[in-house]
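Subject: Structure for your files

Hello,

Here is the structure I said I would pass on. My notes on what was found in it follow below.

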Amino acid sequence: MSMIPYRVFLLGNPLDSTEPKKAYAKCLTVNNVSHEQFVKNVAEYSRIYMRGNIMGMLSNCVERLTMHLAHGDRVTIDNLGTFSLSLKCKGAPTEAAFSNKNIKEVNIVFTPCKSLKEKLATAEFKQIVRH
């Protein structure tokens with residue numbers, strides 16, 4: 001597995017500005033892999049399916065995932081994880097006073113499966129020093 005790149009930042013405590021800043025690591029995004037690049041990479045890796053097949057399959061997966069989530073389903077994809085929805089709402093004084101207008105945002109929640117977590121748990125890290 002590749003090494004996970006990170007940078008170190010000094011961050012203060014937002015609840016207590018008198019505390020000294022502490023060093024924390026943040027993952028570094030090296031590249032934004034486009035859909036086309038990802039499809040090409042998967043096609044080269046699999047050597048069985050052509051790019052068009054993979055692109056079509058991913059498109060169908062996204063379409064069906066969206067449909068299931070919109071119907072209130074939780075979707076589990078083996079060796080990847082589980083997708084579900086959560087809502088950000090403005091509270092109402094009573095249940096009767098609550099309406100759709102209180103719902104401000106829909107969030108997609110992704111929970112990685114155990115095997116994916118385990119693979120990343122054994123990853124090594126590489127600090128990228130700012131110049």
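S84 counts as buried, because its relative accessibility is 14% and the limit for a buried residue is under 20%. Please keep in mind that this is a predicted model. S84 sits in strand β4, which covers residues 81-89. Setting aside neighbours up to four places away in sequence, the contacts of S84 are L69, R74, N107, I108 and V109. Across the protein, buried residues account for 11% of the 131 residues.

V106 belongs to strand β5, residues 103-112. V106 is exposed, with a relative accessible area of 51%; the cut-off for exposed is over 50%. Leaving out residues within four places in sequence, V106 is in contact with L85, S86 and L87. From V106 to S86 the C-alpha distance is 6.0 Å, and the two are 20 residues apart along the chain.

Next, the overall layout. The protein has three helices and six strands. Read from the N terminus, the order of the elements is β-β-α-α-β-β-β-α-β. The radius of gyration is 21 Å, whereas the globule rule gives 14 Å for 131 residues, so the protein is more spread out than a compact globule. Along the principal axes, the C-alpha atoms fill a box of roughly 60 × 45 × 25 Å. Of the contacts between residues at least 6 apart in sequence, 34% join residues at least 24 apart.

On the surface and the charges: the accessible surface is about 11,300 Å², and carbon and sulfur atoms contribute 57% of that. There are 18 positive and 11 negative charges, and the mean positions of the two sets are 6 Å apart.

Helix α1 runs over residues 35-46, which makes 12 residues. From its first C-alpha to its last, α1 reaches 16 Å, close to the 16 Å expected at 1.5 Å a residue.

Two residues with positive phi are worth listing.

- R47 comes just after α1, in the loop between α1 and α2 (51-70). Its phi is near 60°, a positive value in a residue other than glycine. R47 counts as exposed, because its relative accessibility is 75%.
- N79 is in the loop between β3 (75-77) and β4. Phi of N79 is near 65°, again positive in a residue other than glycine. With a relative accessible area of 60%, N79 is exposed.

What does Q127 touch, not counting residues up to four places away in sequence? The contacts of Q127 on that count are Y6 and V8. Q127 lies in strand β6, residues 125-127. Its relative accessible area is 41%, so Q127 is partly exposed. Q127 and N32 are 95 residues apart in sequence, and their C-alpha atoms are 19 Å apart in space.

To recap the residues by exposure: S84 is buried, Q127 is partly exposed, and V106 is exposed. R47 and N79 are exposed too.

Regards

How values were computed
Residues are numbered from 1 along each chain as its sequence is written. This is a predicted model: local features need pLDDT of at least 70, side-chain atom pairs count only at pLDDT 80 or more; totals for chains, interfaces and linings use all residues. Side-chain values use heavy atoms; hydrogens and water are left out. Helices (H or I, at least four residues) and strands (E, at least two) are DSSP runs, numbered from the N terminus. The expected span of a helix is 1.5 Å times one less than its number of residues. The radius of gyration is taken over C-alpha atoms; the globule rule is 2.2 Å times the number of residues to the power 0.38. Buried means under 20% relative accessible area, exposed over 50%, partly exposed in between (1.4 Å probe, protein chains only). Contact means heavy atoms within 4.5 Å. Accessible areas come from the Shrake-Rupley method with a 1.4 Å probe; for residues, only the protein chains shown count as cover. Lys and Arg count as positive and Asp and Glu as negative; His and the chain ends are not counted. The place of a charge is taken as NZ of Lys, CZ of Arg, CG of Asp or CD of Glu.
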